[in-house]
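Here is a quick tour for anyone meeting this protein for the first time. Take a look at the sequence and the fold, then read on.

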Amino acid sequence: MAMRKSSSRLIGGQTRMIKQMVKRWSSLGRKQQQEQQGEDVPKGHFVVYVGGVGEKRSRYILPISFLTTPQFQILLHQAEEEFGFHHQMGLTIPCQQHVFESLTSMLR
């Protein structure tokens with residue numbers, strides 16, 4: 001029983017941390033994104049850019065529900081380590097596009 005409580009606290013803490021990370025990233029790039037791409041992101045979705053350093057990046061619109069999946073949380077942690085919170089573009093995932101597409105297809 002104690003194991004379940006501690007693991008649920010850990011998951012709850014991770015969820016809060018992920019939400020904070022997304023808020024930071026989205027607020028940094030929101031104004032620039034709106035100017036560049038208009039208001040084409042539907043409610044309940046968010047934009048990510050996928051590609052490594054020096055690669056051409058592709059833009060994806062994803063449902064917010066992806067943020068709570070363990071697989072996507074791993075990508076968010078990699079993004080934080082690679083790019084931090086202060087960069088010009090919105091949320092950028094350092095991942096090859098075919099790998100990202102394969103992962104997101106499994107999450108749908």
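## How confident is the model?

What is the mean pLDDT of the protein, and what percentage of its residues reach 70 or more? The mean is 77, and 69% of the residues get to 70 or more. Keep in mind that you're looking at a predicted model.

That confidence isn't spread evenly. Helix H1 has the lowest, with a mean of 60, while strand S2 has the highest, at 93. So that you can find them: H1 covers residues 2-37 and S2 covers residues 58-63.

## The sheet

Let's start with the strands. There is an open sheet of 3 strands, and reading across it you meet them in the order S2-S1-S3. The pairing is mixed. S2 and S3 (92-93) sit at the edges, each pairing on one side only.

How do the two pairings look? As a general point, strands of a sheet pair through backbone hydrogen bonds, either parallel or antiparallel. Here S1 and S2 go for the antiparallel sense, over 6 bridges, and one of the partnerships links His45 with Pro63 in S2. S1 and S3 take the parallel sense, over 2 bridges. On that side, Tyr49 has Thr92 of S3 as its bridge partner, and Val50 has Ile93.

S1 is also mostly covered, with 5 of its 6 residues buried. Helix H3 packs on the sheet and touches S1, S2 and S3. The direction of H3 makes about 15° with that of S2.

## A closer look at Val50

Val50 belongs to strand S1, which runs over residues 45-50. Is Val50 buried or exposed? Val50 is buried, because its relative accessible area is 0%.

What surrounds Val50? Setting aside neighbours within four places in sequence, Val50 is in contact with Lys56, Arg57, Ser58, Tyr60, Ile93, Cys95, Gln96, Gln97 and Phe100. There's also a meeting of distant parts of the chain here: Val50 and Pro94 are 44 residues apart along the chain, yet their C-alpha atoms are separated by 6.1 Å.

## Two helices side by side

Now for the helices. Two packed helices are described by the angle between their axes and the distance between the axes. For helix H2 (residues 70-83) and helix H3 (residues 97-107), the angle is about 145° and the axes are 10 Å apart.

Which residues make the contact? On the H2 side they are Gln71, Phe72 and Leu75, and on the H3 side they are Phe100, Leu103 and Leu107. Sorted by class, that gives 5 nonpolar residues, 1 polar residue and no charged ones. Phe100 has turned up before, among the contacts of Val50.

## The salt bridge

How many salt bridges are there? The count comes to 1. Arg59 pairs with Asp40, and their closest N and O atoms are 2.9 Å apart. Arg59 lies in S2 and Asp40 in the loop between H1 and S1, so the pair ties together parts that are 19 residues apart in sequence.

Both partners are partly exposed: Arg59 has a relative accessible area of 32%, and Asp40 has one of 37%.

Note on methods
Residues numbered from 1 in each chain as written. Predicted model: local features only at pLDDT ≥ 70, side-chain atom pairs only at ≥ 80, totals over all residues. Heavy atoms only, no water. Helix = DSSP H or I, 4+ residues; strand = E, 2+ residues; numbered from the N terminus. Buried < 20%, exposed > 50% of the residue type's maximum accessible area, 1.4 Å probe, protein only. Contact = heavy atoms within 4.5 Å. Salt bridge = Lys/Arg side-chain N within 4 Å of Asp/Glu carboxyl O. Axes fitted to C-alpha atoms, helices over the stretch in contact; angles between N-to-C directions. Nonpolar A, V, L, I, M, F, W, Y, C, P; charged D, E, K, R; others polar. Pairing = 2+ DSSP bridges. pLDDT = per-residue confidence, 0-100.
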